[in-house]
Amino acid sequence: RTTMKSLRFISAEAFVSNAEFARKSLGAVAHDLFPLLFKASYLLEQGEVIHDLVENWPLFDFNMGKLLGATLDYQEDLSHRTCSVCLESCLTGLRDYVLNQSSPYVKKLKVVDLTGIKDVEVQFCKCKKTMGRWARTQLLSKLCSELLVYLQQAQCNPGTFEISINVLIDLFVTERNYELVVQALLKKCSCPLKICCVAFRSDNLTLQKFFYIIKLTDPSLLCKLEIVHNVHLEMEHLEILFNSIHFPLLMSLTLPARTFNVRRFTATDEQMLSNIGEKMGEMTQLTELSMSFSILTGRIQKLLSPLKTPLKMLDVSNCSLNHADMAYLANSFHANHLEALDLSGHDIPELYPSTFFKLLSHCSSVLRSLTLEDCNIQDTHVNMLILGLSPCQKLQEFKFIGNPLSSQALKHLFTFLCELPMLKNVEFPVPRDCYPIGITYPIDDASLCRFDHQKYERVAEELNLILLQANREDMKASTPLFGSYDAAVQETNNELGAYLIKSFKDTLEKFTTSFNKMS
């Protein structure tokens, strides 16, 4: 599919395609043409031109999402291209904007917004090298530190020290880039480029380091907080976090696995849970909450009822919810506003079929994403599922990996899914009849790949044919056996893998030591 380009955009491409000529001629370019030239340079991956455009940026703001998004001159959205050449040129150009004393333009730049960059699985840039969120965090922090060192050592124009640019960014901090980011945040006041953290993701960090850095980020500006995987945050730590830090603008909160475990609750824990619910109730902007792999049996109401703003996104996958939890969700004021819902890991047909369908009917007018992985949905439940999904006319994404469905049932379901006009992404399970007879669900990791791959390919082709015959080429159907693509995990998997091996080794050594003592 080719996107139409205006004559202006074609001219801009021609101008920037000769990098040497474009760089020499920038001084004669009108201010209002810089955004056009920037997008053209980004499309053609003209790193040197991008650098010089940013270094001489003549406008008050520089918003990556708007600059790369759909424009009248070129409708294609390039904000999902995290091209390493382009982004590095952009950030080094920003550093040199501060240092460049010979630019013909008056330095007006006040705000740089890098939050509109989207990390996706498939990259279309020629260099095929991406710069993910972690690497962007690393590079910006490094450039801020280098800039300060240079300004302290060199004879700079006094005007340089008056430059103050807020750089809005989604930070991603792990053990490996922690020190660098801390240094950049500590020196924020004296650096012309001021890191303003809008979203913060932490992984593979000790609690002590997490608590230290979260205070440095200026939590009053934070809209999104993700504490994931290898940050061992438990309920008591969460209470301390909410008691000691105020998050007035927080809209989205993701907590790590096992933050809550009601199976070992005492009276003190019950009070602690109530306190956390009340603190979340004070976050009047909070509309997205992810608490997967915690044990929350019978406590959903206690946690969510204090919220004053209805949730638009809720992930309670593998949280051992009971009938009372599901009844609360179905009848709560959140139900009519849920745009994204993840109930994976719950035996829905067995535990609370009618309550679940009540919840689904309440959110059907706004629901965009539904995830029901490992929910024991079988062939006998498909007609009921179709009935429940029929009103969900705005559904864009449906994921139901790990359910024991036959290829016949999947074909029946796919025929219906073609009728949902906005559905774009479907993640379906390997059909039950592709596995050996007697396989038990949920399937363990060791058995996950032990299916008839040829038969699966045949079924997948038949399912895609159903989409084609219904003129639904816009729908993508896949079976990601080990979960959907996660850009952040993908980018840091080497570090996380090394951490997990180290943890396993440490546990083994402790076990061996204890065993030897016993012997």
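Domain bounds here come from an automatic or database domain assignment. For this protein, that assignment gives domain 1, covering 7-131, and domain 2, covering 200-502. Keep in mind that the model is a predicted one. The C-alpha centres of domain 1 and domain 2 sit 37 Å apart.

## The core and two of its leucines

Let's start with the inside. The largest nonpolar core has 159 residues, and the members that touch the most others are Phe-38, Leu-225, Leu-241 and Leu-417. Domain 1 (7-131) and domain 2 (200-502) each contribute residues to this core, so it lies between them.

Leu-225 is a good place to zoom in. You'll find Leu-225 in strand 5, residues 224-227. Its relative accessibility is 0%, and because buried means under 20%, Leu-225 counts as buried. Skipping residues up to four places away in sequence, Leu-225 touches Phe-200, Phe-210, Ile-214, Leu-241, Phe-247, Leu-250, Ser-252, Leu-253 and Thr-254. For a sense of scale, Leu-225 and Ser-344 are 119 residues apart in sequence, and their C-alpha atoms are 22 Å apart in space.

Now hop over to Leu-241. Neighbours within four places in sequence aside, Leu-241 is in contact with Phe-210, Phe-211, Ile-214, Leu-225, Ile-227 and Phe-247.

## Helix 9 and helix 4

Some of those contact partners belong to a helix worth its own look. Helix 9 spans residues 207-216, and Phe-210, Phe-211, Ile-213 and Ile-214 are buried in it. The cover over these buried residues includes strand 3 (165-173), helix 8 (178-186), strand 4 (193-202), strand 5 and helix 10 (235-244). After helix 9 comes Asp-218, with a positive phi near 70°.

Over in the 47-55 stretch, helix 4 is mostly covered, with eight of its nine residues buried. Those buried residues are Gly-47, Val-49, Ile-50, His-51, Asp-52, Leu-53, Val-54 and Glu-55. Among the elements covering them are helix 1 (7-17), helix 2 (19-25), helix 3 (34-43), strand 1 (61-63) and helix 6 (84-99).

## Helix 17 and its two partners

Helix 17 (residues 407-417) packs with helix 16 (residues 382-389): their axes come within 10 Å and cross at roughly 15°. Helix 16 and helix 17 are therefore roughly parallel to each other. The crossing of helix 16 past helix 17 is right-handed. On the helix 16 side, the contact uses Val-382, Asn-383, Leu-385, Ile-386 and Leu-389, while helix 17 brings Ala-409, His-412, Leu-413, Phe-416 and Leu-417. Leu-417, remember, is one of the core residues that touch the most other members.

The other partner is helix 18 (residues 453-469), which packs with helix 17 at an angle of about 15°, the axes being 9 Å apart. Helix 17 and helix 18 are therefore roughly parallel to each other, and their crossing is right-handed. Here helix 17 offers Ser-407, Leu-410, Lys-411, Phe-414 and Thr-415, and helix 18 answers with Val-459, Glu-462, Leu-463, Ile-466 and Leu-467.

## Loops and backbone oddities

A few loop residues are worth clicking on. The peptide bond between Tyr-441 and Pro-442 is cis, with omega near -5°. Pro-442 is in the loop between strand 12 (425-427) and helix 18.

Asn-204 and Ser-320 turn up with positive phi values, and neither is a glycine. Here they are side by side:

| Residue | Phi | Loop | Relative accessibility |
|---|---|---|---|
| Asn-204 | near 55° | between strand 4 and helix 9 | 7%, buried |
| Ser-320 | near 55° | between strand 8 (313-315) and helix 13 | 27%, partly exposed |

Finally, take Asn-336, placed in the loop between helix 13 (323-331) and strand 9 (340-342). With a relative accessibility of 43%, Asn-336 counts as partly exposed. Not counting residues up to four places away in sequence, Asn-336 touches His-362 and Val-366. Asn-336 and Ser-407 are 71 residues apart along the chain, with 33 Å between their C-alpha atoms. Ser-407 is also one of the helix 17 residues in the contact with helix 18.

Definitions and conventions. Residues are numbered from 1 along each chain as its sequence is written. This is a predicted model: local features need pLDDT of at least 70, side-chain atom pairs count only at pLDDT 80 or more; totals for chains, interfaces and linings use all residues. Side-chain values use heavy atoms; hydrogens and water are left out. Buried means under 20% relative accessible area, exposed over 50%, partly exposed in between (1.4 Å probe, protein chains only). Helices (H or I, at least four residues) and strands (E, at least two) are DSSP runs, numbered from the N terminus. Contact means heavy atoms within 4.5 Å. A nonpolar core is a set of buried Ala, Val, Leu, Ile, Met, Phe, Trp, Tyr and Cys residues joined through side-chain atoms within 4.5 Å. Axes are lines fitted to C-alpha atoms, for helices over the stretch in contact, and angles run from 0 to 180 degrees between N-to-C directions. Angles under 35 degrees count as roughly parallel, over 145 as roughly antiparallel, 65 to 115 as roughly perpendicular and the rest as oblique. A crossing is left-handed if the near helix is turned anticlockwise from the far one by less than a right angle, and right-handed if clockwise.
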